[in-house]
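Q: Please take a close look at the salt bridges of this structure. Which side chains pair up, and how exposed are they?

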Amino acid sequence: MALIEIEHLTIESGGRRALDDVTLSIEEGASLGLVGPNGSGKSMLLRALAGLVRPTAGRVLVDGMSTSHDVTAVRRHVGYVPEQFGVYPRLSIAQYLELFAHASGVSAWERKNTVDTMLRVVDLYDARQEEAAALSRGSRRRLALARALLHNPPILLLDDPLGGLDGRGRLELVEVLKEVRGMGMTLIVATHLLADLAQICDSVAVLRGGKMTGVIPLPAALAGDGPARRRVQLEAVGEREKLAELLVQQPGVLDVTEQGIGISFVYEGDREGLAAVLGKLVDGGAQVTRFGPGPDGLDELSAALAEGNGRMSA
């Protein structure tokens, strides 16, 4: 039996179906990305896995336990990091984690050691006496991750963990998530950008309008075969203007535009040529933090799955 079994899950919220007949199996130790546009049901699916919402129909089993009937036991198996979270004023980072360690049932004699270990995992140990409310957005995300790991859950749920971070904050959090993945946890990450998952996940599930289109290995999602025209999303530490100037000099690169905190461009060519573009950027001094399909790539992936690639277990 898989560690997580989602069977014909339907959840109605606010007069609409947030999730519609979703079925998925996730094996122990898997690292699965949930991708889809805003409102596609990614956050609702994570909340269902965390036992925070009850199914309207169908069921969710976590290590054989129902999120409807064994919710307390389920929550001991899950660490959940929502997209939005708060911190208490006037508490230091260490005090904040000690508070949640106590609430999570960590015994008094092992509480300090647990907090110190998590602070080292997320690289906040040296800042442990600083006020939690004064942290940058990226550091707050790492603090929330530490909070979710305090009770040593086998499953970690992350809702858009890289959203809104600058290049450096994104790079730091990706390194922490890679370390967490190396601890053998089952990881489920929701995002609306497919490229966010490149260094974290090994497979990807696409949600559209509450329905699951399918699940495929991440390498197949990130790269197509043969000559093609595709949109690529690029982010790097440093000045975007210089990066854009370097990009337009590369063969096959078209329609270079600044988009959000990064750059979007169209590449016409095969995978080897696109890899060469990345190599030229790095050789030119760019510290690249994201390089992968833009939103159009997600649309193409979703359409391809809908046309019959089918469902697979993660």
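A: What follows is a walk through the salt bridges, pair by pair. The model is a predicted one. Side chains of opposite charge can pair when their charged atoms come close. A search of the whole structure finds 11 salt bridges.

Start with Glu-12 and Arg-17. Their side chains form a salt bridge, at 3.5 Å from N to O. Glu-12 has a relative accessibility of 46%, so it counts as partly exposed. Arg-17 is also partly exposed, because its relative accessible area is 43%. This pair does not stand alone: Glu-12, Arg-17, Asp-20 and Lys-211 are linked in a network of salt bridges.

Next comes a pair within one helix. Asp-116 and Lys-112 both sit in helix α4, which covers residues 108-121. They are four residues apart, about one turn of the helix. Their side chains meet in a salt bridge of 2.8 Å, N to O. The two partners have opposite settings. Asp-116 is buried, because its relative accessibility is 13% and the cut-off for buried is under 20%. Lys-112 is exposed, with 54%, as exposed means over 50%.

The last pair is Glu-258 with Arg-240. Their salt bridge spans 3.4 Å, N to O. It links distant parts of the chain, with the two positions 18 residues apart in numbering. Glu-258 belongs to strand β12 (residues 253-259), and Arg-240 to helix α8 (residues 240-248). Glu-258 is partly exposed, at 43% relative accessible area. Arg-240 is partly exposed as well, at 27%.

Technical notes:
Residues are numbered from 1 along each chain as its sequence is written. This is a predicted model: local features need pLDDT of at least 70, side-chain atom pairs count only at pLDDT 80 or more; totals for chains, interfaces and linings use all residues. Side-chain values use heavy atoms; hydrogens and water are left out. A salt bridge is a side-chain nitrogen of Lys or Arg within 4 Å of a carboxyl oxygen of Asp or Glu. Buried means under 20% relative accessible area, exposed over 50%, partly exposed in between (1.4 Å probe, protein chains only).
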